[in-house]
Amino acid sequence: MNAPVSMPHVMPTYGRLPIALSHGEGAYVWDTEGRRYLDGLSGIAVNTLGHNHPKLVAALQDQVTKMIHSCNYYQVPLQEELARLLVERSGLTNAFFCNSGLEANEAALKIARKFGHDKGIHRAEVIVCERAFHGRSIATLSATGNPKIHAGFEPLVEGFVRVPFNDIAALEETVATHPNVTAIFMETIQGEGGITPARIDYLQAARRVCDDKGILLMLDEVQCGMGRTGKWFAYQWAGIQPDVMPLAKGLASGVPIGAVVCGPKAAHVLQPGNHGSTFGGNPLAMRAGVTTIQVMEEEQLLAQADRVGTHLMAALKHELGDVKGVKEVRGEGLMIGVELDRPCGVILTRAMEAGLLLSVTADTVVRLLPPLIFTTEQADDLVAILAPLVRQFLSESVA
């Protein structure tokens, strides 16, 4: 076990584990003491191509020698290239680039309000879901459905109406009784809320309600997008399209990035002067995004995420499905949660000590988000480490 790394000058906003990662290769990382770990988290769904992918490294090295940053006073050709790739794969219209999922969600909320103002609705309301997580800025934490995130930051931003997730009747009733609603905003798969997918019929109902009422369907794919579920975007499993789609995390394989991709109804809501970003769309991040998509297609990583995710899910259900205390194994592709019937934060540390990186979210859900290059053999290794830890933890809790 490594000694805690002293960081007295860094603000204590994270409960960190006592290791510092040094480097990585593929689906493995090493700490500064030389110990190897299987990466079942990929930086929380960020390192799409794993670590030290030769094509990504070469592209970034080349870009650094040309230009890292250009402000948005000027044309940035790589923005158009990445926007085109996203539009072609999503079926939407155009994209705005920023630096994070939080910023992408903020932009989506601005679009919802401006959309309302353009229609004469000056106190716009946005429907959001219980247990949602959209970020930690004042606006996005107000949209988030977690009282722990709200605590200490009140008063919250007004204009959000909360409904139960996956409850079609509640969604329809809320839209019918709130004339100022301009958008429905939700995660296609709730990540921080416990790896809970929106049901296909719920997504289809949301699309139908938005069409009937002339409002925006905004699907937060910050964590579940970019091939993680085996399709480019998780909403594609439901055969629908959103009007607004925030992206981030896996889009540039570790380089900070955010994007809002819009369909025709929202594509021209924001005009010059309505929104912007100093660093957003910088050439380095755009090159990383373009290369990520190119490598994903060359290496057929969507199919791999589907295949390996199905294998991993089946193996976890085989090993843990009948264990008392395991409530459910769920998810899609390489976005999997193992829900227990009690808080299980200790598994985070025990997995690290056993050579596996993962996370625990919503207090009771072991969250797995390995890189899309993950193999079935590595999935088996993950289960061989995790399953005994879960069984041991549950037996101790009973005792």
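In which handedness of crossing, right-handed or left-handed, does α7 pass α8? In this predicted model, the crossing of α7 over α8 is right-handed. Helix α7 spans residues 168-177 and helix α8 spans residues 200-213. Their axes come within 10 Å and cross at roughly 15°. Angles under 35 degrees count as roughly parallel, and α7 and α8 are therefore described as roughly parallel to each other.

On the α7 side, the contact is made by I168, L171, E172 and V175. The residues contributed by α8 are D201, Y202, A205, A206, R208, V209 and K213. By residue class, the contact of α7 with α8 comprises seven nonpolar and four charged residues, with no polar ones. The charged members are E172 of α7 together with D201, R208 and K213 of α8.

A second helix pair is formed by α2 (residues 54-64) and α9 (residues 283-298). Here the helices pack at an angle of about 155°, and the axes are 9 Å apart. Because angles over 145 degrees count as roughly antiparallel, α2 is assigned as roughly antiparallel to α9. The crossing of α2 past α9 is right-handed, as is that of α7 past α8.

From α2, the residues in contact are K55, L56, A59, L60, D62, Q63 and V64. Helix α9 supplies P283, L284, R287, A288, T291, T292, V295 and E298. The contact of α2 with α9 divides into eight nonpolar, three polar and four charged residues. Its polar members are Q63 of α2 and T291 and T292 of α9, while the charged members are K55 and D62 of α2 and R287 and E298 of α9.

Aromatic pairing was also examined. The count comes to three aromatic pairs, among them Y73 with Y74 and F233 with Y235. The pair of Y73 and Y74 is edge-to-face, with 6.2 Å from centre to centre and 80° between the planes. Y73 has a relative accessibility of 75% and counts as exposed. Y74 is likewise exposed, at a relative accessible area of 54%; the cut-off for this class is over 50%.

For F233 and Y235, the ring centres are 5.9 Å apart and the planes lie at 5°, so this pair is stacked. The assignment follows because planes under 30 degrees apart count as stacked. Both F233 and Y235 are buried, whereas Y73 and Y74 are exposed.

Methods:
Residues are numbered from 1 along each chain as its sequence is written. This is a predicted model: local features need pLDDT of at least 70, side-chain atom pairs count only at pLDDT 80 or more; totals for chains, interfaces and linings use all residues. Side-chain values use heavy atoms; hydrogens and water are left out. Axes are lines fitted to C-alpha atoms, for helices over the stretch in contact, and angles run from 0 to 180 degrees between N-to-C directions. Helices (H or I, at least four residues) and strands (E, at least two) are DSSP runs, numbered from the N terminus. Angles under 35 degrees count as roughly parallel, over 145 as roughly antiparallel, 65 to 115 as roughly perpendicular and the rest as oblique. A crossing is left-handed if the near helix is turned anticlockwise from the far one by less than a right angle, and right-handed if clockwise. Contact means heavy atoms within 4.5 Å. Rings of Phe, Tyr and Trp (its six-membered ring) pair if their centres lie within 6.5 Å; planes under 30 degrees apart count as stacked, over 60 as edge-to-face and the rest as tilted. Buried means under 20% relative accessible area, exposed over 50%, partly exposed in between (1.4 Å probe, protein chains only).
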